[in-house]
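Dear colleague,

I am handing over the structure we spoke of, and my notes on it follow below. Please read them with the model open beside you.

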Amino acid sequence: MRTNGEFTVKMRLGLMGGTFDPIHYGHLAAAEAARYEFALAKVVFIPAGQPPHKPEQTVSPAVHRVAMVRLAISSNPYFEISTMEVERPGPSYTVDTLAEFRRLCPSAALHFITGADAVAEIPAWHRFEELLGLCLLVGVTRPGHSLEDLREGLTGLGAELRQRIRVLPVPGVAVSSSEIRERVRTGKPIKYLLPEAVEEYIFRHGLYI
Ligand code: ATP
Ligand code: MG
């Protein structure tokens, strides 16, 4: 922890969870915008192991998703990856991941970055009150999900919990992993939707066909 006169400055750490099947420019642009706006020292991408809301057989093996994240973040010195969730047996719950980061970096202010679609569902997240006690949640805008809907989804939360959530408008990148998978399956181009190295990886390994 750095001390600056009478102020104590906590290291701000960004965390971005996701299935990343595959990672694309929507994830990367959102993470970079949050890094800049919240002066985050790093953003750690955390590919999910067995996502609780997605049946196992529909998600690509973790080894591929991790490899694609590594390729995608290699050009950004502020981006890192944690394989914590893929190594942990059982379903991946964000609250467990945050508790683990809190244990590993007790003096960091954790900023969990998530898209507008996911923020709207917070009340349904596993142990969400505990989760919001562990981090500041940065809800980034996502094309197709209005800011109003996002804010409306938070009204039921109560003032104290709402204070733990920041809404951050980011440049819209209207792409999703599902769309990329569907485009590969139907032979449509995915160029310019995700980093070239990730595109090459997908074709080299015959993913999503
Ligand atoms: P899928 O279509 O398989 O659900 P996805 O594109 O939504 O994939 P995820 O891995 O589910 O990607 O998302 C990880 C996180 O990134 C979530 O918080 C999600 O809201 C956010 N996110 C994904 N795509 C975008 C985007 N284009 N802009 C902003 N945030 C995004
Ligand atoms: Mg998604």
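**Backbone, cores and ligand**

Tyrosine 208 is placed in the segment after H10, and its phi, in this predicted model, is near 65 degrees, a positive value in a residue other than glycine. Is this tyrosine buried or exposed? With a relative accessibility of 12%, tyrosine 208 counts as buried, because the cut-off for that class is under 20%.

Tyrosine 192 also has a positive phi although it is not glycine, the value being near 75 degrees. Tyrosine 192 sits in the loop that runs between helix H9 (177-185) and helix H10 (196-204), and with a relative accessible area of 68% it is exposed.

A further backbone feature is the cis peptide bond between aspartate 21 and proline 22, for which omega is about 5 degrees. Proline 22 belongs to the loop between strand E3 (11-18) and helix H1 (25-37).

Turning to the interior, the largest nonpolar core comprises 34 residues, and those with the most contacts inside it are Ile23, Val43, Phe45, Met68, Ile113 and Ile202. At least two residues of this core come from each of H1, strand E4 (42-47), helix H2 (62-73), strand E5 (79-81), strand E7 (136-140), H9 and H10. Apart from that core lies another, of 27 residues, which include Phe112, Ala118, Trp125 and Leu134. In soluble globular proteins, nonpolar side chains tend to be buried together.

Which residues does phenylalanine 45 touch, leaving aside those up to four places away in sequence? Its contacts are Met16, Phe20, Ile23, His27, Leu28, Ala31, Val69, Ile73, Phe79, Glu80, Ile81 and Ser82.

As for ligand 1, 21 residues surround it, and the closest are Gly115, Asp117, Val173, Ser177 and Ser178. A polar side-chain atom of aspartate 117 lies 2.5 Å from an oxygen atom of the ligand, a backbone N or O atom of threonine 19 lies 2.9 Å from an oxygen atom of ligand 1, and for a polar side-chain atom of arginine 181 the distance to a ligand oxygen atom is 3.1 Å. Taken alone, ligand 1 exposes 600 Å², of which the protein buries 90%. Two or more residues of the shell around ligand 1 are given by each of E3, H1, strand E6 (108-115) and H9, and by class the shell has five nonpolar, 12 polar and four charged residues.

With best regards

Definitions and conventions:
Residues numbered from 1 in each chain as written. Chains lettered and ligands numbered in written order. Predicted model: local features only at pLDDT ≥ 70, side-chain atom pairs only at ≥ 80, totals over all residues. Heavy atoms only, no water. Helix = DSSP H or I, 4+ residues; strand = E, 2+ residues; numbered from the N terminus. Buried < 20%, exposed > 50% of the residue type's maximum accessible area, 1.4 Å probe, protein only. Core = buried A, V, L, I, M, F, W, Y, C linked by side-chain atoms within 4.5 Å. Contact = heavy atoms within 4.5 Å. Near = heavy atom within 4 Å. Polar contact = N/O pair within 3.5 Å; in protein donor to acceptor, adjacent residues only side chain to side chain. Areas by Shrake-Rupley, 256 points an atom, 1.4 Å probe, with all protein chains shown as cover. Nonpolar A, V, L, I, M, F, W, Y, C, P; charged D, E, K, R; others polar.
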